[in-house]
Amino acid sequence: MSRIEKIALMAVACSLGAGCAGARTDIVAPAAQYPVSLSKGVRDADGTMVPEERKVTVATFHQDRTAWGTFYSAAKLTPKTDISQAINQQVRAAGGDAVVNLRVASVHCRGAFWPLVSIIPVWPACTKLRVQGDIVVVIPKAPGEGEDDGPPARPRAAAAPATRTPHAKR
Amino acid sequence: MRIPISAAFVVAMLLTGCGKPQFVTASQVDAPVLLSRVDRVGGHLPDRPARVVGVVDAEAGRRAAVQTERHGDVVVTRHTAQDLPEDLINAQLAAAAGHDPTIDVHVDRLHAGSYFFFFGGYGVAERWVGVKARAFRKEQVK
């Protein structure tokens, strides 16, 4: 059963005296100035994959948002949840180059399960979103380092103190 | 003491696991799984994608159902739960990306939500997160 069919079924049920409430949203980051990846993978400025040895986690990205809906979740009051600004601010503050391992969690709002109020069609309901990720600095390649995706030529422990300057942003 | 059936209902819903979050991540995937338009360190925007090599439409979630009935002073609750674990999303993304270093996955839609529905003493709560994405093979990686 598609999402639209589910909502239509719920709306019919609700109109017959039942109650329901909910919310849904799309998480977007169209204006993020840094790469944001749900995986551990990120590409360097030259397009090659950055090996784990050249990634240093410097901070944790964290953003809590609430998405609202009404009319038994059929109407989105928060159709899009844009995290671009939070990403730009937090990555810039941490001096990072990218966000990796982005994790998104959805959880019911407290008070979502009270039956009486959710009979009311216009009763607003919400979903809490918890977005987290690792802000990483990419250690630049050593001069003359190979064009492949292999590890850097010198050990990270020796390279890190002198090379943790973030890449310049355009 | 008579326990209000609505209170029993709420407690049952919470005990069924409705208070726990539902996660989505792609931690098991090697390739970039990009939510941003920027695809590289330094603020690079991708060139026009050459070839779609995989499509992912996956959802993880948890649906819990609770039924409460009163028999005299006794309130009976029955609850069931159904899980779609987040590992399914990870697995689908990993399958789309493979181990090809020329593949990037671009997320077209990352959505999340929850709803709660009840009728009489029967209730269903569901929360979910989902990903729609396409895997692109770059023609040339410098």
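Five strands form an open sheet in this predicted model, and their order across the sheet is β3(A)-β2(A)-β6(A)-β5(A)-β1(B), with antiparallel pairing. The strands at the edges, each of which pairs on one side only, are β3 (75-76) of chain A and β1 (22-24) of chain B. Helix α2 (residues 84-94) of chain A packs on this sheet, and the points below take up the strands, the helix and the nonpolar cores in turn.

**Strands and helix**

- Within the sheet, strand β5 (residues 98-108) of chain A runs antiparallel to strand β6 (residues 125-138) of chain A, and the two are joined by nine bridges.
- One residue pair to look for in the structure is A:Ala105 with A:Arg130, where A:Arg130 is the bridge partner that lies in β6(A).
- Helix α2 of chain A touches β2 (55-70), β5 and β6 of chain A, and the direction of the helix makes about 160° with that of β2(A).

**The largest nonpolar core**

- The largest nonpolar core has 39 residues, and those that touch the most other members are A:Leu38, A:Phe61, A:Ile87, B:Leu35, B:Leu93, B:Leu110 and B:Val131.
- At least two residues of this core come from each of α2, β5 and β6 of chain A, and likewise from each of β3 (51-71), α2 (87-97), β5 (103-119) and β6 (122-137) of chain B.
- The element that gives the most to this core is β5(B), which supplies five residues.
- Leaving aside residues up to four places away in sequence, A:Ile87 touches A:Ala29, A:Ala32, A:Val36, A:Phe61, A:Arg92 and A:Val99.

**A second core**

- A separate core of seven residues is also present, and A:Val42, A:Val50, A:Val136 and A:Val138 are among them.

Key
Residues numbered from 1 in each chain as written. Chains lettered and ligands numbered in written order. Predicted model: local features only at pLDDT ≥ 70, side-chain atom pairs only at ≥ 80, totals over all residues. Heavy atoms only, no water. Pairing = 2+ DSSP bridges. Helix = DSSP H or I, 4+ residues; strand = E, 2+ residues; numbered from the N terminus. Contact = heavy atoms within 4.5 Å. Axes fitted to C-alpha atoms, helices over the stretch in contact; angles between N-to-C directions. Core = buried A, V, L, I, M, F, W, Y, C linked by side-chain atoms within 4.5 Å. Buried < 20%, exposed > 50% of the residue type's maximum accessible area, 1.4 Å probe, protein only.
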